[in-house]
Amino acid sequence: MALDEATSGFLAQMAETGLPPLHEMEPEQARGMTAMLKDMFGEGPEVARSELIQVPAEGRDIPVRILVPHDEPRGTVVYYHGGGWVIGAIDEFETLGRQLAVRTDCAVVLVDYRLAPEHPHPAAVEDAWDALVWVDRHVEEICGKRVPLIVAGDSAGGNLAAIMSRKARDSELPLAQQVLVYPVTDCDFDTASYIDPENQLMLSRDSMIWFWNHYAPAGTREHPDASPARALDLTGLPPAVVVTAEHDVLRDEGQAYAEALASAGVRVSQRQFPGQMHGFFTMVNLLPGSEQGIGYVVDEIDERLRAIS
């Protein structure tokens, strides 16, 4: 299926800016591009409480934004943003976080993990884990009572959410669900979706190589804490929701990871969204596909929380 009309129009609008391809930018320039998109998303719905907290960790603090929809949230979603571990910030994802909080009736915690190349792998993994442990220990303060804990993320954030699910299993930290939106799960740049000319859009094979080169040099990126698909044991992980986009270089690895989870006995709900490109999920109020993707994730979270309530 061809790209949908809204996506094609958006790409034409971006082309008019004259910005070079992502892989030809310096990290700071690329960060400015994503900050520009933030203004297009709008403010998002009102929540009862929005707090910026500094989570203490060894030798550093980790900023997190806590969004609480009302006085009795029924779960907590720890959300890791996308951006190839190099770009992105929690304020750029607050509109999405507010949408998820209000529509799932869950508190949403956005984690501002350290970015490469200033902080290469495993800094993002360390921050993601320390923030998750902190939320687990403080969930009663956030929600007023013990509620189920969910990890979620898109792209590089989906990578972190997948890794956190395995680390949580190994540390006996209970998770109710993992939500992986077009996640990075491997460092193989030669899958069919990676080399398909129709998938070289805002995210391309060249830009993914650029991200990986900034984040984890060859020889380290094969570790399961960088490429979760390479973990030897995927059994006992929390139920997974996996979202993929038809026109995305990461499509095949997301699908393969969903299949590997299912083969390991993990309950998996997976949907590929036709006519969509990488990034569609977070483009709130810009692409109709975003509403469809968020609606699917909201329904899956609702079903899971109902099942365990």
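# A walk through a predicted model

Start by selecting Asn199, which sits in the loop between H6 and H7. Keep in mind as you go that this is a predicted model. Is Asn199 buried or exposed? With a relative accessibility of 1%, Asn199 counts as buried. Now show what touches it. Setting aside neighbours within four places in sequence, Asn199 is in contact with Ser193, Ser204, Glu246, His247, Asp248, Val249 and Arg251.

**Next stop: H7**

Select residues 205-215 to light up helix H7. The buried residues here are Ser207, Met208, Trp210, Phe211, Trp212 and Tyr215. Which elements do they pack against? Show H2, H4 and helix H6 (192-195), and you have the partners of those buried H7 residues.

**The largest pocket**

H7 also takes you to the largest pocket, since helices H1 (5-15), H2 (27-41), H3 (94-104) and H7 each supply at least two residues of its lining. To find the middle, select Met33, Thr34, Leu37, Met202 and Leu203: of the 41 lining residues, these lie nearest the centre. How much space is in there? The pocket holds about 790 Å³.

Which helix gives the largest share of the lining? Colour H2, which provides 4 residues. Then try colouring the whole lining by class: you should get 24 nonpolar, 14 polar and 3 charged residues.

**Helix H5, tucked inside**

Now select residues 156-171, which make up helix H5. This helix has 16 residues and reaches 22 Å from its first C-alpha to its last, close to the 22 Å expected at 1.5 Å a residue. Why does H5 count as largely enclosed by the rest of the structure? Because 12 of its 16 residues are buried.

To see the buried ones, pick Ala156, Gly157, Gly158, Asn159, Leu160, Ala161, Ala162, Ile163, Met164, Ser165, Arg166 and Ala168. Then bring up their surroundings: the buried H5 residues pack against strands E3 (76-80), E5 (149-154) and E6 (177-181), along with helices H4 (123-143) and H8 (251-263). Before you leave, step just past the end of the helix to Glu172, which takes a positive phi of about 60°.

**A closed-off space**

Rolling a probe the size of a water molecule over the atoms shows where empty space is left. In this model, the count comes to 1 cavity of 30 Å³ or more, and the largest cavity has a volume of about 30 Å³. Select Val77, Tyr79, Leu100, Ala152, Val179, Phe281, Val297 and Ile301 to see its lining. The elements giving two or more residues to that lining are E3 and helix H9 (288-308). What classes of residue do you find around the cavity? There are 8 nonpolar residues, with no polar and no charged ones.

**Last stop: two cysteines**

Finish with Cys106 and Cys143. How many disulfides does a search of the whole structure find? The result is 0. Try the distance tool on the two sulfurs: the closest cysteine sulfur to that of Cys106 is in Cys143, 7.9 Å away, so they are too far apart for a bond. Are these cysteines buried or exposed? Cys106 has 0% relative accessibility, so it counts as buried. Cys143, at 4%, counts as buried too.

Notes. Residues numbered from 1 in each chain as written. Predicted model: local features only at pLDDT ≥ 70, side-chain atom pairs only at ≥ 80, totals over all residues. Heavy atoms only, no water. 1 Å grid on protein atoms, 1.4 Å probe; cavity = no way out; pocket = protein on both sides within 12 Å on 5 of 7 lines; lining within 4 Å. Points joined across faces, edges and corners; volume = space filled by probe spheres on them. Nonpolar A, V, L, I, M, F, W, Y, C, P; charged D, E, K, R; others polar. Expected span 1.5 Å × (residues − 1). Buried < 20%, exposed > 50% of the residue type's maximum accessible area, 1.4 Å probe, protein only. Contact = heavy atoms within 4.5 Å. Disulfide = S-S within 2.5 Å.
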